[in-house]
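Hi,

Here's the structure I said I'd pass along. Have a look, and my notes on what turned up are underneath.

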Amino acid sequence: MMTAPKRRAVKARAKSEITIDRIDHFVLTVKDVAASCRFYERVLGLRRVDFDGRVALHLGSQKINLHRAGHEFEPKARRPAPGSGDFCLIAATPLDAVIAHLKACGVAIEHGPVPKTGARGPMRSVYFRDPDGNLVEVSNYDA
């Protein structure tokens with residue numbers, strides 16, 4: 001039997017009139033912002049953008065904001081820490097070319113290529129770590 005608080009939570013979710021469209025950005029807490037930018041620019045072709053005393057990496061119509069550990073911007077995660085990120089990026093480049101580029105850049109592939117299921121269906125993924133130990137997944141959706 002469901003408790004009263006749980007019933008209210010289920011009822012509240014069912015009545016939500018909010019529609020979320022997409023992710024705009026997320027934050028990675030890093031030891032060295034410059035080193036992280038160099039890695040993501042060189043390895044994944046992301047573009048560094050400086051704004052309001054802050055730094056972001058742009059990809060498509062989204063961005064990754066970078067906070068230096070111990071100097072995070074408010075508000076922030078309850079326990080921000082380098083190496084706690086785990087995220088998936090969708091590449092326009094075929095995954096075999098991504099893998100070849102990662103190897104040419106000296107980036108060790110930790111797992112893959114392997115079949116996975118993303119938000120839009122079946123995909124093929126490869127996993128590696130950034131300089132802080134964040135787990136980065138790069139994928140292509142199946143045709």
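Before anything else, keep in mind that this is a predicted model. Half-and-half is how the contacts come out: 50% of those with a separation of 6 or more link residues 24 or more positions apart.

On the overall make-up, the protein has three helices and eight strands, and from the N terminus the order is α-β-α-β-β-β-β-α-β-β-β. If you're setting up a box, the C-alpha atoms take up roughly 55 × 40 × 25 Å along the principal axes. There are 143 residues, and 32% of them count as buried. As for the surface, about 9,500 Å² is accessible, with 53% of that belonging to carbon and sulfur atoms.

You'll probably want the charges too. I get 23 positive and 16 negative ones, and their mean positions sit 8 Å apart.

Now for the C-terminal strands. E6 (residues 109-118) pairs with E7 (residues 121-129) in the antiparallel sense, over seven bridges. The two make a hairpin with two residues between them, and His111 stands opposite Tyr127 of E7.

E7 also runs antiparallel to E8 (residues 135-141), again joined by seven bridges. Here Arg124 has Asn140 in E8 as its bridge partner. This second hairpin has five residues between its strands, and Gly133 takes a positive phi near 95° there.

One general thing to remember when you look at side chains here: in a regular strand they alternate between the two faces of the sheet.

Cheers

How values were computed: Residues numbered from 1 in each chain as written. Predicted model: local features only at pLDDT ≥ 70, side-chain atom pairs only at ≥ 80, totals over all residues. Heavy atoms only, no water. Helix = DSSP H or I, 4+ residues; strand = E, 2+ residues; numbered from the N terminus. Buried < 20%, exposed > 50% of the residue type's maximum accessible area, 1.4 Å probe, protein only. Contact = heavy atoms within 4.5 Å. Areas by Shrake-Rupley, 256 points an atom, 1.4 Å probe, with all protein chains shown as cover. Lys, Arg positive; Asp, Glu negative; His and termini not counted. Charge placed at Lys NZ, Arg CZ, Asp CG, Glu CD. Pairing = 2+ DSSP bridges.
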